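The following exercises are to be worked through with the sequence and the structure at hand. Each task is followed by a solution in steps.

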Amino acid sequence: MIYSWKNIVKHNLPLLTICIFIEIFAGQILQGKQEMLVLFPVFLVSIPVINGVSGNIGSVLGARLASGLHVGYISLSIKDKEMHDNLLTSILMGFITYFVLAILIYFIALLGDLQMGIGLIEFVIVVLGTGLLLVCVISLVSVVTAFWSFKKGLDPDDMVAPVVTTVGDTLGIVFLFLLIGVVGIW
Amino acid sequence: MFAKEMVKQSLPLFILCGLGAVFAGSTFAGMTSIFQEIPGLIVVIPAIIALRGNISTAFGSRLGSAYHLGVIDAENLWNEELRQNIMGSLVLSFLVSIIVGVLAYVTSLLLNVQPDPVKLITIVLLAGIISGVILTLLTIIIIYLVFRRGYDPDNITGPALATFGDIVTMFCIFGSAVLMEAIL
């Protein structure tokens, strides 16, 4: 037998506990901003989307870099051309995905009779701005984590996904309130 | 040029998963009044979604490796390897849910919010275990279908479980919060 439940718990618990500590920090920001979120529930709809998209993009980028490093068509250099292509493509895909989803969320919320308090243009600027900032940071984090873990002899496939989703969840919420402040909604 | 195929294969999936996340978000937005009634509850949302995502995608990816190693397949699905994996995931869900509840309570106290510790920890534990059981069953069903069709589980389970996981977990937190608010 390969698997035992005790080993599964032992291997996963430490990293999970670290992730949970950081996620609780994100949760405390939400609690602090609760008053505002109640007035603009459309941002509550957006939070899982903002976080989910960057997590997916970062994980796919990390998995692609891991395969490239394992097979050898990506080298451990910050000047690697293949890595640059993957990085830029991820950011471009982030831009398209966040743009499409921002418009969709707005109209789904309108159809769902949600209290809006914000116009389409302002909403798209906030979500797209948050998303773009997030996807740039997450893609860089993904590259750094993949390269660093590969250099240390760890498997990037195991490392990138938890790191990228945790950083994405926390920074997603931080950037969202930053953009809300910059656009001057609250 | 590998980057081109990445756009072709991944972009539709990103947008589709994003739409799935809108469901989770709508549940989140529907909970505003219960967040005001139960202080500290909103704190656990990112953590419990992350714990569910991490545990179930790791579960899915282990089953993917088990398939590639030849210890599990469509004809021989319900065996000791699978049972150990299920047990491991459920024990992790239980332990980490307790950590989430306690951390949310302690950090709230530090920030001068006074949650009800019993209520908060019970809600998190209930939501963690129920969503754990549902997601485990869902993983087994997805893995079974993937095996039957001869796909590579590694390409499917990650995004599928992350998206379903968010939706199921939000519903479970919502349900547990309403239930505990009624009982306690």
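**Exercise 1. Describe the order of the elements in chain A of this predicted model and the overall dimensions of the chain.**

Solution. Step 1: read from the N terminus, the elements of chain A follow the order α-α-α-α-α-α. Step 2: the count for chain A is accordingly six helices and zero strands. Step 3: the C-alpha trace of chain A extends over about 55 × 40 × 25 Å along its principal axes. Step 4: of the 186 residues in chain A, 48% are buried. Step 5: consider contacts in chain A between residues at least 6 apart in sequence; 80% of these join residues at least 24 apart.

**Exercise 2. Determine how H3(A) and H4(A) are oriented relative to each other, and characterise their contact.**

Solution. Step 1: H3(A) and H4(A) pack with their axes 10 Å apart, at an angle of about 160 degrees. Step 2: angles over 145 degrees count as roughly antiparallel, so H3(A) is roughly antiparallel to H4(A). Step 3: the crossing of the two helices, H3(A) and H4(A), is right-handed. Step 4: the residues that meet include A:Val45, A:Val49 and A:Leu61 in H3(A), and A:Met93, A:Tyr98 and A:Leu101 in H4(A). Step 5: sorted by class, the contact of H3(A) with H4(A) has 13 nonpolar, seven polar and two charged residues.

**Exercise 3. Carry out the corresponding analysis for H4(B) and H5(B).**

Solution. Step 1: helix H4 (residues 80-110) and helix H5 (residues 117-149) of chain B have axes that come within 8 Å and cross at roughly 155 degrees. Step 2: H4(B) and H5(B) are therefore roughly antiparallel to each other. Step 3: H4(B) passes H5(B) in a right-handed crossing. Step 4: among the residues that meet are B:Leu90, B:Phe94 and B:Val100 in H4(B), with B:Leu120, B:Val124 and B:Gly128 in H5(B). Step 5: this contact of H4(B) with H5(B) has 14 nonpolar, seven polar and no charged residues.

**Exercise 4. Establish whether B:Ala66 is buried or exposed, and describe its surroundings.**

Solution. Step 1: B:Ala66 lies in helix H3 (residues 41-69) of chain B. Step 2: a residue counts as buried if 20 or more other C-beta atoms lie within 10 Å of its own. Step 3: B:Ala66 has 20 other C-beta atoms within 10 Å, and is therefore buried. Step 4: leaving aside residues up to four places away in sequence, B:Ala66 touches B:Val71, B:Ile72 and B:Glu81. Step 5: B:Glu81 is 15 residues from B:Ala66 along the chain, and their C-alpha atoms are separated by 8.4 Å.

**Exercise 5. Examine the contact between chains A and B, then the largest nonpolar core.**

Solution. Step 1: the contact takes 56 residues from chain A and 56 residues from chain B. Step 2: on the side of chain A that touches chain B, H1(A) gives the most, with 17 residues. Step 3: the residues of this side of chain A comprise 34 nonpolar, 17 polar and five charged. Step 4: the largest nonpolar core has 101 residues, and A:Ile20 and B:Phe28 are among those that touch the most other members. Step 5: H3(B) gives the most to this core, with 15 residues. Step 6: not counting residues up to four places away in sequence, B:Phe28 touches A:Leu44, A:Val45, A:Ile47, A:Pro48, B:Ile45 and B:Met170.

Notes: Residues are numbered from 1 along each chain as its sequence is written. Chains are lettered from A and ligands numbered from 1 in the order in which they are written. This is a predicted model: local features need pLDDT of at least 70, side-chain atom pairs count only at pLDDT 80 or more; totals for chains, interfaces and linings use all residues. Two residues are in contact if their C-beta atoms, placed from the backbone, lie within 7 Å. Helices (H or I, at least four residues) and strands (E, at least two) are DSSP runs, numbered from the N terminus. Ala, Val, Leu, Ile, Met, Phe, Trp, Tyr, Cys and Pro count as nonpolar, Asp, Glu, Lys and Arg as charged, and the others, Gly among them, as polar. A residue is buried if 20 or more other C-beta atoms lie within 10 Å of its own, exposed if 12 or fewer, and partly exposed in between; C-beta atoms are placed from the backbone. A nonpolar core is a set of buried Ala, Val, Leu, Ile, Met, Phe, Trp, Tyr and Cys residues joined through C-beta atoms within 7 Å. Axes are lines fitted to C-alpha atoms, for helices over the stretch in contact, and angles run from 0 to 180 degrees between N-to-C directions. Angles under 35 degrees count as roughly parallel, over 145 as roughly antiparallel, 65 to 115 as roughly perpendicular and the rest as oblique. A crossing is left-handed if the near helix is turned anticlockwise from the far one by less than a right angle, and right-handed if clockwise.
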